[in-house]
Amino acid sequence: MSVTDEVLQANEQYAAKFNQGGLPMPPARKLAVLACMDARLSVDQVLGLKTGDAHVIRNAGGVATEDALRSLIISHHLLGTEEFIVINHTDCGMLTFEDSELLNRLEEQTGSAAVAPVHFHAFKDVAGNVRRQVARIKAHPFVPKHIPVRGFIYDVKTGKLQEVGEERPRAVQKSA
Ligand SMILES: [Zn+2]
């Protein structure tokens, strides 16, 4: 039996006991989360969220791509979310490669050059990546300034979230 068949069986059991058919569409806690897709990060459990509480947008690296921004903008403007959270995590797969080497490898393996994706958004510094995504979201003209956007790193060993603060501006270097 394939894993797909297994999860379909699990769904039959889920649906047999299902009692949440009356939930409204807008998230009850007015929260939207952009998180890495890592299998060890169960966003609802980590944040104590229940079905219907929040939007959870996920991709490799928790990156504020065009599509993630699209979802956040819809989340706020059409479905009423008022706070955004970005979650990356320790031991992320995005730390293990570089865009150019992955692209080269795939082109060699397949013998094809593809027009998309243009970027894989690999990174070398988790905190730096979180800061960049938070900054991108905050800077978007369709994201109102009153929406708090906070970034966190989830520790896959301890289950804890640590906030990533804004980097202090570097001291201006005096030229000699
Ligand atoms: Zn990850």
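## A salt bridge to start from

The side chains of D38 and R40 come together in a salt bridge, with N and O 2.9 Å apart. The two partners differ in their surroundings: D38 is buried, at 14% relative accessibility, while R40 is partly exposed, with a relative accessible area of 39%. Please keep in mind as you read that this is a predicted model.

In total, the structure holds 5 salt bridges. As background, side chains of opposite charge can pair when their charged atoms come close.

## Pairs that link parts of the chain

R29 forms a salt bridge with D53, and the closest N and O atoms of this pair are 3.5 Å apart. This contact links distant parts of the chain, as R29 and D53 are 24 residues apart. R29 sits in the loop between α1 (3-16) and β1 (31-36), whereas D53 belongs to the loop between α2 (43-47) and β2 (54-59). Why does D53 count as buried? Its relative accessibility is 7%, and the cut-off for buried is under 20%.

Another pair is made by E163 and R150, whose side chains meet in a salt bridge at 2.7 Å, N to O. E163 lies in strand β5 (residues 161-164) and R150 in strand β4 (residues 149-154), so this salt bridge ties together parts that are 13 residues apart in sequence. Both ends are partly exposed: E163 has a relative accessible area of 39%, and R150 has a relative accessibility of 45%. Elsewhere, salt bridges with shared partners join D38, R40 and D91 into one network.

## The zinc site

Which residues coordinate the zinc ion? The donors are C36 through SG, H89 through NE2 and C92 through SG, at 2.0 to 2.2 Å. Along the sequence, these donor residues follow the spacing C-x52-H-x2-C. H89 and C92 are both buried.

If you plan to look at the geometry of the site, remember that water is not among the atoms, so sites may look incomplete.

## Backbone angles worth a look

Most residues other than glycine have a negative phi, and most peptide bonds are trans. Against that background, a few places in this model stand out.

D91, already met in the salt-bridge network, has a phi near 60°, a positive value in a residue other than glycine. D91 is found in the loop between β3 (83-89) and α4. With 51% relative accessibility, D91 counts as exposed, because the cut-off for that class is over 50%. H121 also has a positive phi, near 65°, and is likewise a residue other than glycine. H121 is placed in the loop between α4 and α5 and is partly exposed, with a relative accessible area of 25%.

Where is the cis peptide bond from A116 to P117? P117 lies in the loop between α4 (99-110) and α5 (126-139), and omega for the bond from A116 is near 0°.

## Helix α4 and its end

Helix α4 has 12 residues. From its first C-alpha to its last, α4 reaches 16 Å, close to the 16 Å expected at 1.5 Å a residue. Right after α4 comes G111, with a positive phi near 70°.

Key:
Residues are numbered from 1 along each chain as its sequence is written. This is a predicted model: local features need pLDDT of at least 70, side-chain atom pairs count only at pLDDT 80 or more; totals for chains, interfaces and linings use all residues. Side-chain values use heavy atoms; hydrogens and water are left out. Donors are N, O and S atoms within 2.8 Å of the metal (3.2 Å for Na, K and Ca); water is not among the atoms, so sites may look incomplete. Buried means under 20% relative accessible area, exposed over 50%, partly exposed in between (1.4 Å probe, protein chains only). Helices (H or I, at least four residues) and strands (E, at least two) are DSSP runs, numbered from the N terminus. The expected span of a helix is 1.5 Å times one less than its number of residues. A salt bridge is a side-chain nitrogen of Lys or Arg within 4 Å of a carboxyl oxygen of Asp or Glu.
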